[in-house]
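The following exercises are to be worked with the sequence and the model at hand. Each task is followed by a solution in steps.

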Amino acid sequence: MPMIHNFVIENKLDVNEDVHTSYSWDRNGKLHKNGLTPDNQAHLDDNFISYIHDSLQWLETRNPSTGERLRGLNNYGITVIEEEQVLQRFYQILNGWIDLFNSAPYSIILRGDFCIGDGDEKGHYKKWVYNKSDLITELKKLARMALHTVEHGKCIVHFGI
């Protein structure tokens, strides 16, 4: 199964420690729930989330399973982005990445983790390749979701890998 981070718009009152039980995942890592539409969900690859990880640490978030306050996203669990100021910051961060990637060539190549393989004394960096249009489309969708949640008093729930 691909390692995908899913983001959905939720009503704040519906987010509790059992929020994950109202969703299901298909074999491609996509989320499903009655009433979930393409406009209120976004999906980003785990490698891309790792690439922008440092900027996501600027977000004050919450783990609904434990009630614990966090910085950034819970990579292996659920994160709630709910405070208006934080959602606006999330929107600004996403737009910063969108502006940057708008200057990129059609195929965006990002440097990933450093790897040392068997007998590979020098090592190398993994390369992650993204279609510029697809990546920007998904980032814009997530940015629109952040604005929508502010305007309608909702929140974004993030489901890690």
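**Exercise 1.** Locate G77 and determine which residues distant in sequence it contacts.

*Solution.* Step 1: G77 lies in the loop between β6 (69–71) and β7; strands are DSSP runs of E of at least two residues, helices runs of H or I of at least four, both numbered from the N terminus. The model is predicted: local features need pLDDT of at least 70 and side-chain atom pairs pLDDT 80 or more, whereas totals for chains, interfaces and linings use all residues. Residues are numbered from 1 along each chain as its sequence is written, and side-chain values use heavy atoms, without hydrogens and water.

Step 2: G77 counts as buried because its relative accessibility is 18% (buried is under 20% relative accessible area, exposed over 50%, partly exposed in between, with a 1.4 Å probe and protein chains only).

Step 3: Beyond its neighbours within four places in sequence, G77 is in contact with H158, F159 and G160 (contact means heavy atoms within 4.5 Å). G77 and F159 are 82 residues apart in sequence, yet their C-alpha atoms are 5.9 Å apart.

**Exercise 2.** Is I81 buried or exposed, and what surrounds it?

*Solution.* Step 1: I81 belongs to strand β7. Step 2: its relative accessible area is 0%, so I81 is buried. Step 3: neighbours within four places aside, I81 contacts L59, T61, L73, V86, L87, F90, C155 and I156. Step 4: by contrast, G112, 31 residues from I81 along the chain, has its C-alpha atom 26 Å from that of I81.

**Exercise 3.** Identify the side chain with which E82 forms a polar contact.

*Solution.* Step 1: E82 is found in the loop between β7 (78–81) and α3 (84–102). Step 2: E82 is buried, as its relative accessible area is 16%. Step 3: the side chains of E82 and R62 are joined by a polar contact of 2.7 Å (a pair of N or O atoms within 3.5 Å; within protein, one able to donate a hydrogen and the other to accept it, with residues adjacent in sequence counted only if both atoms are side-chain atoms). Step 4: contacts of E82 beyond four places in sequence also include K12, R69 and K154.

**Exercise 4.** How are α3 and α4 oriented to each other?

*Solution.* Step 1: the axes of α3 and α4 (residues 132–152) come within 9 Å and cross at roughly 160° (axes are lines fitted to C-alpha atoms, for helices over the stretch in contact, with angles from 0 to 180 degrees between N-to-C directions). Step 2: α3 is therefore roughly antiparallel to α4 (angles over 145 degrees count as roughly antiparallel, under 35 as roughly parallel, 65 to 115 as roughly perpendicular and the rest as oblique).
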